[in-house]
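Open the model in your viewer and keep the selection tool ready. This tour tells you what to pick next and what you will find there.

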Amino acid sequence: MLLIRLLLENSRSVPVDVLCEDVWQGRPPPSAVATLHSHVSRLRDVLEPKRSRRAGHEVLARDSTGYALRLPEEVRDTVHFERLVVGARQLLADGRAAEARAEVDRALALWRGSAFADVEHHRFAMRESARLSELQLQAVELRTDALLNEGEYERAVLVAEDLTARHPLRERAWNLLLRALYLSGRPADALQRFAEVRRRLGEELGVDPGPELQDTHQAILNHDIRLPHPPPRRSTDARHQGLGEPLRKREPLDLIPRPAQLPADLSTFVGRPAQLARLWESVDEEHPETAARAVLIDGVAGSGKTALAVHWAHQAADTFPDGQLFVNLRGYDQAGRPLSPVEVLDDFLCAFGVLLERVPAGLDAKIAMFRSLLAGRRVLVVLDNARDENQVRPLLPGTRGCMVLVTSRTQLPGLIVTNDVRPMTLGVFSSEEARQAMSQRLGADQIEAHPEAVQDIIDLCGRLPLALAIVAAVAQTRPNCVLTHVADELRRTRGILDLFTGDDANTNIRTVFSWSYQALSADAARLFRLLSLARGAWISTAAAASLAGVTISTVKPLLRELTRQHLLSVQCPDRYVLSGLIRAYSSELADSYDSAVDRRAAQARLSRYLKTFPPVTVHPETGMRLQRK
């Protein structure tokens, strides 16, 4: 202990009373001075052999005030260590990362455990012990910096991980870990670790991360990490080339996954010019402040919502160079269980290279990581077949630059009101688009050879894209099939969906419509079935109430529910229309679920209503209901 106390003074003399106070930790015994002299004598015998004393080499010297230990600097490990660290720091600043690492390795090799381990709790040693321990930490951080500049990113991650584990509140260590993770191609892990250190600092110290750590976080979001010690331009070492350039110009960017999850585009896609133009308007790169963050494509089952979204997404893929994500949310699906946001976020985060064990457990934490990951990037997210707002909201990015395409059979007004989602309702084909679709699938020769049959097929299919595709497939798979025969069969079976039924659930009209029907409330489902009993081209709110045997105030929300599901359309105020194929499906359901007595009673109620009120006509231009006199 005496030796250590004298070493701390770097050859300066220490008074005897101070030595006694420090050696006996503030409680020296009466015999302290005599005992101290005895210790000095024994220490001198070790440090100064008799021949050295005769030659005048005095190491432990006595003066008028006390004792001094006079040793040359080159024999002190602490001095040697500090010089090596200073030299390594200069080498790294000069861009000589490999030499800097070798130098700091030699410095760290001088350590054996902690500084002043035997007296670390004595007051006289505490300050110097803390100073040397801090220097050791700085040396390890310097070594990590050197590894980064050498391109040894994975090794740097291991060193930085150990540092943060042993010093969980040391921001410099966390800063190195974030950089190392990003440069090793793990940006999502880096963002997660930033969230971890921010939480730790807040919980344990009540502070936010410092400016350096926050700057690194922002640089990761912007993909603009720069190494702090670029090599000199004259360097010819291939590992040193370009280390001072932004990361987006360097190889590590290629290590960041860029998901390309879009399904294949349909070669038979036709039409929809107005809708495609609106989607392009939503990504106006010249005016990003007015660009849409999300677009909702809603429409009746089989109207081609997914085909439109995927087709445009392929066209726009170059506009979103950081990746394209796609998921079928199964909101209306034979599986019967929509995907939860938790499941989707797990898949999306893994698509960007986040290790599954690094994905946080809670929904809010997953959302935060996903939005942090997408911040500053241009990613297209296609959320197909959504059921409701709650399934979509957690999957929306938090910043502009990314875009989300949502498809749903349901109008989702909540997204429009609270999430700045732009709606786009997709109807059936126009007559010309329907003809193009048939021509694309069957060839122009057949279309031109049987124009009347083609027009009948288009009308009987209600210009519904899925129905037209099914009929075209029937014509293609039947040997020597003539379109006139298909048209005759559709006319004979009008109101029956047998021709549109197959083994594949996704191309079976009954099954596809059933997914929308199953989403209805019980009262709305009953009204949907009964509407097929109304033989007119359209039905009013009051007539629908009479048909169902309920009040007008009761039937209004049911009509809105059917409209949101696109099982019923509104052509003008108070004019609800059940289209051909959906009417056929509704009629089949009524025959299956409603007894003959119930059906006759509903028809009788509607008949009494129509006899009670004068007939009306609808103005062809304004759509206003006019009572006949």
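The stops run from the whole chain to a sheet, then to single residues.

**Stop 1: the whole chain**

Start with everything shown. This is a predicted model. The chain holds 28 helices and twelve strands. It has 629 residues, and 48% of them count as buried. Now turn on the surface. Its accessible area comes to about 30,900 Å². Carbon and sulfur atoms account for 50% of that area. Contacts come next. Take those with a separation of 6 or more: 67% of them join residues 24 or more positions apart.

**Stop 2: the five-stranded sheet**

Hide the surface and show the strands. Which strands form the open sheet, and in what order? Five do, in the order E5-E6-E7-E4-E8. Their pairing is parallel. The edges are E5 and E8 (421-426), and each of these pairs on one side only. Look along the sheet to see the twist, which averages 15 degrees from one strand to the next.

**Stop 3: strand E7**

Select residues 403-408, which make up strand E7. Is E7 largely enclosed or open? Six of its six residues are buried, so the rest of the structure largely encloses E7. Show the side chains. Met403, Leu405 and Thr407 point one way. Val404, Val406 and Ser408 point the other way. Residues of both sets are buried.

**Stop 4: the neighbours of E7**

Add residues 294-299, strand E4. E4 and E7 run parallel, and five bridges join them. To find one pairing, pick aspartate 298: its bridge partner in E7 is serine 408.

Now add residues 380-386, strand E6. Five bridges join E6 to E7, and these strands also run parallel. Pick leucine 380, whose bridge partner in E7 is methionine 403. Then pick valine 382, which stands opposite leucine 405 in E7.

**Stop 5: strand E6 and the edge beside it**

Stay on E6. This strand is mostly covered, with seven of its seven residues buried. Add residues 324-328, strand E5. E5 and E6 run parallel and are joined by five bridges. What is the bridge partner of phenylalanine 326 in E6? It is valine 382. So valine 382 is worth a label: phenylalanine 326 is its partner from E5, and leucine 405 stands opposite in E7.

Now select asparagine 385, also found in strand E6. Its phi is near 65 degrees, a positive value in a residue other than glycine. Most residues other than glycine have a negative phi. Asparagine 385 has a relative accessible area of 12%, so this residue is buried.

**Stop 6: a helix across the sheet**

Select residues 273-281, helix H12. This helix lies across E4, E7 and E8. Its angle to E8 is about 170 degrees.

**Stop 7: threonine 563**

Go to helix H26, residues 552-564, and pick threonine 563. Why does threonine 563 count as buried? Its relative accessibility is 17%, and the cut-off for buried is under 20%. Show what surrounds this residue. Leaving out residues up to four places away in sequence, threonine 563 touches Gln411, Leu568, Val570 and Tyr576.

**Stop 8: aspartate 574**

Move to the loop between strand E9 (569-572) and strand E10 (575-577), where aspartate 574 lies. Its phi is near 60 degrees, again a positive value in a residue other than glycine. Is aspartate 574 buried or partly exposed? With a relative accessible area of 27%, aspartate 574 is partly exposed.

**Stop 9: a nonpolar patch**

Bring the surface back. Select Leu169, Leu205 and Val207, which make a nonpolar surface patch of about 230 Å². Zoom in on leucine 169. This residue lies in the loop between helix H8 (153-166) and helix H9 (171-183). At 31% relative accessibility, leucine 169 counts as partly exposed.

Key
Residues are numbered from 1 along each chain as its sequence is written. This is a predicted model: local features need pLDDT of at least 70, side-chain atom pairs count only at pLDDT 80 or more; totals for chains, interfaces and linings use all residues. Side-chain values use heavy atoms; hydrogens and water are left out. Buried means under 20% relative accessible area, exposed over 50%, partly exposed in between (1.4 Å probe, protein chains only). Helices (H or I, at least four residues) and strands (E, at least two) are DSSP runs, numbered from the N terminus. Two strands pair if DSSP finds at least two bridges between them. Contact means heavy atoms within 4.5 Å. Patches are made of residues with over 30% relative accessible area and no salt bridge: like charges are joined within 9 Å, nonpolar side chains (Val, Leu, Ile, Met, Phe, Trp, Tyr) within 5 Å. Accessible areas come from the Shrake-Rupley method with a 1.4 Å probe; for residues, only the protein chains shown count as cover. A salt bridge is a side-chain nitrogen of Lys or Arg within 4 Å of a carboxyl oxygen of Asp or Glu. Axes are lines fitted to C-alpha atoms, for helices over the stretch in contact, and angles run from 0 to 180 degrees between N-to-C directions.
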